[in-house]
Amino acid sequence: MNFRMTIAAGLALALAGCTTVGPARNAVEARWNGQPAGTFFAQFGPPVSDVETGETTVYSWKGGYKTRRIPAEYEKGADGKRGKRISAARTEYLSCSVQLTVSSDYVIRSIRISGDRKRAEGPSWCEEFLGGAKTDAPKAG
């Protein structure tokens with residue numbers, strides 16, 4: 001009887017020590033799930049706030065501030081000339097907000113994007129900034 005209890009307790013401890021990280025839904029999750037939180041904060045700066053919930057801590061982080069100038073777009077005219085303007089030049093003010101759930105051993109168990117700038121084509125700003133996604137520079141028309 002005592003042997004069975006020891007085995008059951010050992011199995012329960014082994015299963016409790018196993019934590020799995022679900023499949024990544026974006027480049028940020030793919031890059032940071034399972035990584036040390038210290039590495040993230042050393043590279044991108046400290047969190048804005050944190051809330052401890054039992055065995056995990058949820059950190060709120062915001063950063064990646066950038067101003068991006070988007071040139072005007074024009075129709076392609078005859079003989080390679082520039083035609084009618086399709087869209088005016090504009091300025092985008094970019095930033096990224098995420099929530100990191102970190103286990104007691106300071107490993108990122110999940111990272112959720114809570115504020116981001118989506119793009120029609122290519123990665124979002126958070127995916128580009130935190131996930132290491134590379135994009136081509138916008139083409140001037």
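Contact here means heavy atoms within 4.5 Å. By that count, residues 24 or more positions apart account for 52% of the contacts in the protein with a separation of 6 or more. The model you are looking at is predicted. Its secondary structure comes to four helices and six strands, and of its 141 residues, 26% count as buried. Here is a friendly tour, topic by topic.

**Overall layout**

- Reading along the sequence, you will meet the pattern α-α-α-β-β-β-β-β-β-α.
- Helix H4, at residues 125–130, is a good place to start, as it carries both a disulfide cysteine, Cys126, and a salt-bridge partner, Glu128.

**The four-stranded sheet**

- Four strands form an open sheet in the order S1-S2-S5-S6, with antiparallel pairing.
- Strand S1 (49–53) and S6 stand at the edges with a single partner strand each, so one side of each is left without a neighbour in the sheet.
- On average, neighbouring strands of this sheet are turned by 25 degrees against each other, direction ignored.
- Within the sheet, S2 and S5 run antiparallel and are joined by 13 bridges.
- To find your way along this pairing, take Ser60, whose bridge partner in S5 is Gln99.
- As background, strands of a sheet pair through backbone hydrogen bonds, either parallel or antiparallel.

**The S3 and S4 hairpin**

- Strand S3 (residues 73–76) and S4 also run antiparallel, and three bridges join them.
- Tyr74 has Arg85 as its bridge partner in S4.
- Five residues lie between the two strands of this hairpin, where Asp79 takes a positive phi near 60 degrees.
- Strand S4 (residues 82–87) is hardly covered, as the count of buried residues among its six residues is zero.

**Helix H3 and its buried face**

- Helix H3 spans residues 37–44, and its buried residues are Ala37, Phe40, Phe41 and Phe44.
- Looking down the axis of H3, you will see these buried residues fall within an arc of 90 degrees, so they line one face of the helix.
- The cover over the buried residues of H3 includes helix H2 (27–32), S2, S5, strand S6 (108–115) and H4.
- Just after H3 comes Gly45, which takes a positive phi of about 105 degrees.

**The disulfide**

- A search of the whole structure turns up one disulfide.
- The disulfide is formed by Cys96 and Cys126, with their sulfur atoms 1.8 Å apart.
- Cys96 sits in strand S5 (residues 90–103) and Cys126 in helix H4, so the link ties together parts that are 30 residues apart in sequence.
- The link of Cys96 and Cys126 is right-handed, with 120 degrees about the S-S bond.
- Both ends are out of view, in the sense that Cys96 is buried and Cys126 is buried as well.

**Salt bridges**

- The structure holds three salt bridges.
- Arg68, Glu92 and Glu128 are linked in a network of salt bridges.
- In the bridge of Glu92 with Arg68, the closest N and O atoms are 3.9 Å apart.
- This pair links distant parts of the chain, with Glu92 in strand S5 and Arg68 in strand S2 (residues 56–70), 24 residues apart.
- Both Glu92 and Arg68 are buried.
- Glu128 forms a salt bridge with Arg68 too, and here the closest N and O atoms are 3.3 Å apart.
- Since Glu128 lies in helix H4 and Arg68 in strand S2, the pair ties together parts that are 60 residues apart in sequence.
- The cut-off for buried is under 20% relative accessible area; Arg68 has 11% relative accessibility and so counts as buried.
- Glu128, with a relative accessible area of 16%, is buried too.
- Away from this network, the side chains of Asp105 and Arg109 meet in a salt bridge of 3.5 Å, N to O.
- Arg109 is partly exposed, with a relative accessible area of 21%.

Note on methods
Residues are numbered from 1 along each chain as its sequence is written. This is a predicted model: local features need pLDDT of at least 70, side-chain atom pairs count only at pLDDT 80 or more; totals for chains, interfaces and linings use all residues. Side-chain values use heavy atoms; hydrogens and water are left out. A disulfide is a pair of cysteine sulfur atoms within 2.5 Å. Buried means under 20% relative accessible area, exposed over 50%, partly exposed in between (1.4 Å probe, protein chains only). A salt bridge is a side-chain nitrogen of Lys or Arg within 4 Å of a carboxyl oxygen of Asp or Glu. The arc is that of the directions from the helix axis to the C-beta atoms. Two strands pair if DSSP finds at least two bridges between them. Axes are lines fitted to C-alpha atoms, for helices over the stretch in contact, and angles run from 0 to 180 degrees between N-to-C directions.
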